[in-house]
Amino acid sequence: MASNSFSSEFGTTSSHNEEGSVVRVQQSTGLSGTVRVSGAKNSVLKIMAASLLAPGQYVLNNVPHIADVKWMANLLETMGASISHQKDVMQIEIPEEMTPIAPYELVERMRASIVVLGPLLARFGKAKVSVPGGDDFGHRPIDMHLKGLEELGVSFTNSHGYIEGEVKKLVGGKVLLNFPSVGATENLLMAAVLAEGITVIENAAREPEIVDLVYFLNSMGAQITGEGTSTIQIEGVGHLSPVEHTVIPDRIEAATYIAALGMAGGQIVIEEARLEHMEMLAEKLHEMGIEIGQVDGGISVCVSKRLRSVDLATLPYPGVATDYKPFIVALLSISDGVGIVTENIFAGRFRYVDELIRMGADIRAEGHHAVVRGVERLSGAPVRAPDIRAGAALVLAGLAAEGETLVGAASHIERGYQNLVGNLSSLGAKIELVNHQSI
Ligand code: EPU
């Protein structure tokens, strides 16, 4: 099978360096038109990892051309898989024999690689995975992943930056997570599907991406119930088979376009977006003055006046996701009034605030909280994208800023968006991707 190929839609991925591209944004008003969201990054990465559970040929539809998908494909290929990715269809061929090792070079690039641990242990009884470090959100431990897998019988050793797990036969058990961690829930699900007996995960994560993963696993032959609630029960089976699956739409990408409208005003339709995956967010945005409604095949969004500030706290699903927060902070920075934002998931996830301040925002961030006083206008400036969502938020801020904003380190944005710049441009935003040499 052909190896992983990336089309020009993705453009800059393989050859450009981390600092290479820059998004140039000019103040824009009155967006209009239709935009379509891609498949969910945080769903497809885990579904790709889950394919390790059974040999054979998988077909995944609605797979975005983003850097994180490329890294996960590279990781599976390193272990022996063959992968092709044409348009939005990915074909994965998983062989009988594989090398259950996730090397440092790939885990270091994408910490979501840790989700191969569960499926590798389930299929091969052993796995060696580089320990993911912290990142721009701060300290990001994996203790819950390991403790949960130990409950199923795995023994771990940790040396030279790698965690090595071994188990003769996984045996189901009760796992109580002390926080509904998305990654730990996923690793446990993918281990428990082939364990002997029943596993119950209490305080499980409830995100739509978890539900999508369970749907995929059940269609492979797993016996899982309770997905979307905080108690998930898995009855282990002896055998799973490869399947075809269509990935759910990306709710975070949808939220990005809603927030773009909040910054620039106008009226748009976001195709594929599902309001039922973002109800709490929609309620908050409605309070701020953004009109959002379900239409055939997507959602419509309309913004006709200056937004009102609200207070907001991030929470595990169904609460307002931490990934939406940078967009909301950008919105609050130009809204009428003062908003207090509390981050309950990642304490260090306010690092982009200094960049917004460089653009004239009035924000005080300390620990888990930020106080955002809305200003009349932002002012364009060169800034740097610290991570995917914060990078997107800076692009959004550029839509409302007088003059020109240059968002550097835009490769961070490309990790999670197939075509953010092209899509915003098609809605009428004055935006382009440039190489920093040409500025
Ligand atoms: N945590 C622990 N121990 C663990 C695991 C998590 O203390 O063993 C803590 C984390 O440090 C954090 C909290 O639990 O404070 C929640 O972390 P979680 O495990 O839920 O997050 P994750 O699985 O590492 C995923 C998404 C993130 C998203 C979070 C929260 C993927 C690839 N990543 O991360 O998305 O912010 O859930 O919803 O699914 C993004 O898309 O850019 C992104 C960062």
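The C-alpha centres of domain 1 and domain 2 lie 29 Å apart, and that spacing is a good place to start a walk through this predicted model. Domain 1 is built from two stretches of the chain, 2–38 and 249–438, while domain 2 covers 41–246.

With the two domains in view, let us turn to the ligand. Where does the ligand lie relative to domain 1 and domain 2? Both domains give residues to the shell around the ligand, so the ligand lies between them. Several helices take part in this shell: α1 (41–50), α5 (143–151), α6 (182–192) and α12 (388–400) each supply at least two of its residues.

The shell holds 23 residues, and those that come nearest to the ligand are Lys46, Asp143, Met144, Ser181 and Ile345. By character, the shell divides into 10 nonpolar, 6 polar and 7 charged residues.

Now for the individual contacts. Lys46, already listed among the nearest residues, places a polar side-chain atom 2.6 Å from an oxygen atom of the ligand. Arg349 also reaches an oxygen atom of the ligand with a polar side-chain atom, here at 3.3 Å. Val182 makes its approach through the backbone: an N or O atom of its main chain lies 2.8 Å from a ligand oxygen. How much of the ligand does the protein bury? Taken alone, the ligand exposes 830 Å², and the protein buries 85% of that.

Aromatic rings are worth a look too. A search of the whole structure finds 1 aromatic pair, but rings also take part in arrangements with charged side chains. In one of these, the charged end of Lys70 sits over the ring of Trp71, at 4.5 Å from the ring centre. In another, Lys325 lies over the face of Phe350, and here the distance to the ring centre is 3.9 Å.

Finally, two spots in the backbone deserve a pause as you trace the chain. At Lys87, phi is near 50°, a positive value in a residue other than glycine. You can find Lys87 in the loop that links β4 (82–86) to β5 (89–94). Further along, which form does the peptide bond from Tyr317 to Pro318 take? This bond is cis, with omega near 10°. Pro318 likewise has its place in a loop, the one between β18 (312–313) and α10 (325–332). The helix that follows this loop, α10, spans 325–332, and Lys325 is the residue that lies over the face of Phe350.

Conventions. Residues are numbered from 1 along each chain as its sequence is written. This is a predicted model: local features need pLDDT of at least 70, side-chain atom pairs count only at pLDDT 80 or more; totals for chains, interfaces and linings use all residues. Side-chain values use heavy atoms; hydrogens and water are left out. A residue is near a molecule or strand if one of its heavy atoms lies within 4 Å of it. A polar contact is a pair of N or O atoms within 3.5 Å; within protein, one must be able to donate a hydrogen and the other to accept it, and residues adjacent in sequence count only if both atoms are side-chain atoms. Accessible areas come from the Shrake-Rupley method with a 1.4 Å probe; for residues, only the protein chains shown count as cover. Helices (H or I, at least four residues) and strands (E, at least two) are DSSP runs, numbered from the N terminus. Ala, Val, Leu, Ile, Met, Phe, Trp, Tyr, Cys and Pro count as nonpolar, Asp, Glu, Lys and Arg as charged, and the others, Gly among them, as polar. Domain bounds come from an automatic or database domain assignment. Rings of Phe, Tyr and Trp (its six-membered ring) pair if their centres lie within 6.5 Å; planes under 30 degrees apart count as stacked, over 60 as edge-to-face and the rest as tilted. A charge sits over a ring if NZ of Lys or CZ of Arg is within 6 Å of the ring centre and within 35 degrees of the ring normal.
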